[in-house]
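Work through the exercises below with the sequence and the 3D view at hand. Try each task before reading its solution.

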Amino acid sequence: MMGAALGAAATTALPGAVAAAPRIPIGAACNHYVLGTDQAYRAALARHVDVIVPEGAMKWDYIRPKPDAFDFEPAAPTAAFARLNGLQLRGHTLVWCTPKPGWLNALGSEAETAREMERHIPRVMGHYRGQVRSWDVVNEPIAEKPTSDRDLRQGVWLRHLGDRYIDRAFRIAADVDPAGERVLNEYGVEATRPQDKIKRQGFLRLIRELKDRGVPLTAIGLQGHLHGDLVIDTDGVSRFCQEVARMGLDVLVTELDVIDDKLPGDIAERDRLVARRAEQFLGAVFAGARPKLVCTWGISDRYTWVPTWFKRADGQKNRSLPLDHDMNVKPFWHVLQRFCRGA
Ligand code: XIL
């Protein structure tokens, strides 16, 4: 009797079965300027997320302010914080077409540019060996507003190495850590605007060409800087994710937030709309492929990059992230919980 009851229980789907589905790690970008001084911020990260990624400290601006030196100090507290709190650390980003240090932009030849890439990637990945297994190897390869599906972003890498700079970066990264996760990361591909559609097509074409050439990327990242006032092309995003999965690649959501400059001022209403937009996007992604990570670009509205570009005209603070200014969870957080933790 007892055995029969147990047997039935083991084979019957329980209402809570979703909760038993494997959790998807939730991540957040970490602001190294405030990590050391803001205790509430540290506590929020440690409490809520599984993964952190430095918002800036692993970019060339910080690691390579000068051509001859590698500076790992800016990211050191973030790496230590991850270790102490049992959080995974992701790497962002090894190669980007809009690098800040002037010396990098001023490189004058193919040989010099290739040499820098070959020096930088192994040194940086080597520094974090054993702690960082997932890297955004190439960030934002597609032109900001492409006019065709072959329009790549201009910059020092493309200028001197041509479009194969992407292949080269992934091959170097794969040599350093064959077992690692290597991500091609992009934004602006999810709304119903024509510019998003063409960018999505360009991204897909690029991914397909890389796969055809045997380039060792393992995943693609959808940054997911959503606009609260722009509807998601849910079919387009789902199909995109499905195609990517069919090519044997994983999908990651790497920089999710909801830009709220055009949303109403009322806070409850705005928080609801922000959550709804995130939900619409994640629903579309999950319908195409189960992502390996859902990472937001910050954890709390206290620190978000959004006002740098998208300040509100009414002077109110942006509310783009899962926690509010005082580290209280918002509806956006519950959306993440539902998708990633079945809660
Ligand atoms: C942003 C940071 O959030 C800012 O603090 C910094 O000033 C500029 O970069 N896509 C990316 C991220 O891949 O690296 C960007 O981060 C946001 C857009």
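The model shown is predicted.

**Exercise 1.** Locate Glu140 and describe its backbone.

Solution. Start with the secondary structure: strand β4 covers 132-139 and helix α8 covers 156-161, and Glu140 lies in the loop between them. Next, read its phi angle, which is positive at about 50 degrees, although Glu140 is not a glycine. Finally, look at the ligand: Glu140 is one of the residues that surround it.

**Exercise 2.** What kind of peptide bond joins His92 and Thr93?

Solution. Check omega, which is about 0 degrees; the bond is cis. Then place Thr93, which belongs to strand β3, residues 88-96. His92 is also among the residues around the ligand.

**Exercise 3.** Describe the surroundings of the ligand.

Solution. First, find the site: the ligand sits in the largest pocket. Second, sort the shell by class, which gives three nonpolar, four polar and four charged residues. Third, look for short distances from polar side-chain atoms to ligand oxygen atoms. For Asn139 the distance is 2.9 Å, and for Glu255 it is 2.8 Å. An N or O atom in the side chain of Trp297 is 2.9 Å from an oxygen atom of the ligand. Last, consider the area: the ligand taken alone exposes 410 Å², and the protein buries 74% of that.

**Exercise 4.** Compare the expected and actual span of helix α12.

Solution. Count the residues: α12 runs over residues 267-288, which is 22 residues. The expected span is 1.5 Å times one less than the number of residues, so for α12 it should be 32 Å. The end C-alpha atoms are 32 Å apart, which agrees. Now inspect the start of α12, where a side-chain oxygen of Asp266 comes within 3.5 Å of the backbone nitrogen of Ala268.

How values were computed
Residues are numbered from 1 along each chain as its sequence is written. This is a predicted model: local features need pLDDT of at least 70, side-chain atom pairs count only at pLDDT 80 or more; totals for chains, interfaces and linings use all residues. Side-chain values use heavy atoms; hydrogens and water are left out. A residue is near a molecule or strand if one of its heavy atoms lies within 4 Å of it. A polar contact is a pair of N or O atoms within 3.5 Å; within protein, one must be able to donate a hydrogen and the other to accept it, and residues adjacent in sequence count only if both atoms are side-chain atoms. Accessible areas come from the Shrake-Rupley method with a 1.4 Å probe; for residues, only the protein chains shown count as cover. On a 1 Å grid over the protein atoms alone, a cavity is a set of points where a 1.4 Å probe fits but cannot get out, and a pocket is an open set with protein on both sides within 12 Å along at least five of seven lines; lining residues have an atom within 4 Å of a point. A molecule sits in a cavity or pocket if more than half of its atoms lie within 2 Å of its grid points. Ala, Val, Leu, Ile, Met, Phe, Trp, Tyr, Cys and Pro count as nonpolar, Asp, Glu, Lys and Arg as charged, and the others, Gly among them, as polar. Helices (H or I, at least four residues) and strands (E, at least two) are DSSP runs, numbered from the N terminus.
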